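Subject: Handing over the model

Hello,

Here is the structure I promised to pass on. Please open it alongside this email.

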Amino acid sequence: MKTYKSITMALTALLAVIGLASCSSDDYQMVGKPDNAQVYFSSDMATEFNIDEGQNSVDVEVRRVKTEGALTVNIESSDEAGLFTIPSSVSFADGENVAKLTISFDFASLKNNTVYPVSLRLKDETTIYGSDSTTVKIMFSPWTEWEPLGWKYPEGITTYEQWDAAFAEYAAGGYADTKIICNGTLPTYTYSSLGFGSYYQPVHYRESLDDSSKAQLLLRGWYNECDLVVNWDRNTNIFTCDKTWTGDTHPTYGPISVMDSYRYWKDVAGQDVTYDYFPQGYDTTKGQITVNMAYFVADGCIGYGPEVIQLPGYVIGDYTITITDVASYANDNQYGQVFMFALGEDIAKVKYAVLDGTLQESDANVAAQRIVSGSLASTETAEGGHKAVSLPREGKYTLVAVGYDSEGNATGFYYLQFTCKAAAALSWKAINTGNYYYALFFGTAEENQVDEGVTLYVANEDPTKFKIAPWAYSDRGFTFTMDGEGNIVVDDQATGFYDTQYGMVYVGDASNYPELGITDKSYFDDGMYCFSLVYYVSDGYMSDAVGYEAFEVTGPAKEAAERAMSVARAKAAAERGLQPKEIKNVTKFPTSTIKNHLYNIRYNFNGFVTLK
């Protein structure tokens, strides 16, 4: 039962929404206490009547404050169509505060989907505290019968009228036995703006017989046991709701009403908004209907936002794909971009391709459809993590990715606009020589491959940037940077080695890849550079290629390297507004064991992600 016995809330403090004007005592005139019956049209009464086939009358509600004695009030009316019979007065019984004004008509004379306005005005016994006039709208728009949406009636019930009678029994019984009204499981409604939580919610559905794009949802016993009708434009997937009383009244601000957020903020609050402000729609893959509702009182809005109708029988999977643009690189006239893929647990694989230029959503959608059909060549991966894509040149591109579930069905597409721009060219100054020990992809932890007598350089333009050259198969060398906390960070870069099956092999700093779970940083200590590395290709990380490699300074002026690193650390720290710190988050090893320590052996043994 969705009854909130005590609701305390403050008006949303939105200056753009609610304007409060101040007045001086000179602005007021003393008003005597009314001594009449104070008859009025309530702002909460129904003013739009969508009649049923064959219906020949509607009842308009009139209220009064003083209920003593019988009372008849004269009515002035205006009927543009001349099709309606409207009484010239309305009568209250003794002790009653509500009277019904019955407007009658010949159903056969009304045209489908035509709005007939009828204006009404009370001629006496009125009050300044309520409206003395209103306009009601009468229309016949033929609909199909109400049918349960996503659930079934219990045995023996075949019509909405029969079910509605059972619902009254269900409510009288304290909403305990859902078998009275449902065979199986009901949908749920999740509130997010006025009260929170998910509750069982009977949802009915019907369609317009004149316009197949129009449909309606009926939420019987919604919120504080009122009924809510939601209009659905199936062409635009937009849901709207006329102003409806929630069944609740705020102790200070009065009746709490609800309507769709877009029309509230645009028509009631007078804001310049579009539907883009208010997420909504029907996700058929999840069985989720998202409506965007605004709750308000006479003084303003007290909450708004998306709320969800969840149809039963759906297993909600995580099919999200998050793609992060990591960096550009250039190596031997080969350009490329590195991305980080994070895959939802129900994504079985991803196919992705990079297209030239900045694509908008519609063009990215076309590209995604071509990936699905196979007419656009793509790369397939079953693993998240860092992916490198080779590019012909610097410039603007768009990455388009399509996710698939375990049955091979496409679950949606994602696109990311990016610019490939390699770092500005640097000039280099040699500061020492040394030996580089390959313990991973080009060697093993047990038997390193060694490049002897290679050169260590520092950039003339930026003393925090270094390179070792020649290195591996790259004439550009192996580049790295000193960060503000005293740690070395290895750039993502191509090794220059091209595998005939998997393409270019890249290397990066392993501590930058959280999915590897490695916290040990690259660092420099006593003439030894220790690089925490991962080797990878576009399909994923290489097996037996995560761990430490080392560069040992062997030149006669080891202090030159020490001095260069000290300058780099101080400059990087100053740029970040930090004090130079000792190296942290690393495990240091004796020089004699750095090339074959347990870090390499342990992680090489596990293998991490093996290419499939």
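Below is what was found in it, part by part.

First, a caution: this is a predicted model.

**The sheet and its helix**

Start with the open sheet. Four strands build it, in the order β25-β24-β27-β28, and they pair antiparallel. The edges belong to β25 (379-381) and β28 (410-420). Each of these has a single partner strand, so one of its sides has no neighbour in the sheet. On average, neighbouring strands here are turned by 20 degrees against each other, direction ignored.

Look next at β27, residues 395-404. Ten bridges tie β27 to β28, and the two run antiparallel. One residue pair to find there: A401 has Y414 of β28 as its bridge partner.

Helix α3 comes next, at residues 361-373. Helix α3 lies across β24 (349-356), β27 and β28. Its angle to β27 is about 50 degrees.

**The nonpolar cores**

The largest nonpolar core holds 29 residues. Which of them touch the most other members? They are I51, V60, F84, I103, L120 and I138. Several strands supply at least two residues each to this core, among them β2 (48-51), β3 (57-64), β7 (98-105) and β9 (133-140).

F84 deserves a look of its own. Beyond its neighbours within four places in sequence, F84 is in contact with D79, I103, S104, F105, L110, Y116, V118 and I138.

There is also a second, separate core, with 28 residues. Its members include I468, V505, V507 and F531.

**Two residues to check**

The first is S213. S213 sits in the loop between β13 (203-207) and β14 (214-222). Is S213 buried or exposed? Its relative accessible area is 12%. The cut-off for buried is under 20%, so S213 counts as buried. The side chains of S213 and D211 share a polar contact of 2.7 Å. Setting aside neighbours within four places in sequence, S213 is in contact with W232, D233, R234 and N235. Take W232: in sequence, S213 and W232 are 19 residues apart, and their C-alpha atoms are 8.1 Å apart in space.

The second is T479, in strand β32 (residues 478-482). A polar contact of 2.8 Å links the side chains of T479 and D491. D491 also appears among the contacts of T479 outside its neighbours within four places in sequence, along with F466, K467, V490 and Q493.

Best wishes

Terms used: Residues are numbered from 1 along each chain as its sequence is written. This is a predicted model: local features need pLDDT of at least 70, side-chain atom pairs count only at pLDDT 80 or more; totals for chains, interfaces and linings use all residues. Side-chain values use heavy atoms; hydrogens and water are left out. Two strands pair if DSSP finds at least two bridges between them. Axes are lines fitted to C-alpha atoms, for helices over the stretch in contact, and angles run from 0 to 180 degrees between N-to-C directions. Contact means heavy atoms within 4.5 Å. Buried means under 20% relative accessible area, exposed over 50%, partly exposed in between (1.4 Å probe, protein chains only). A polar contact is a pair of N or O atoms within 3.5 Å; within protein, one must be able to donate a hydrogen and the other to accept it, and residues adjacent in sequence count only if both atoms are side-chain atoms. A nonpolar core is a set of buried Ala, Val, Leu, Ile, Met, Phe, Trp, Tyr and Cys residues joined through side-chain atoms within 4.5 Å.
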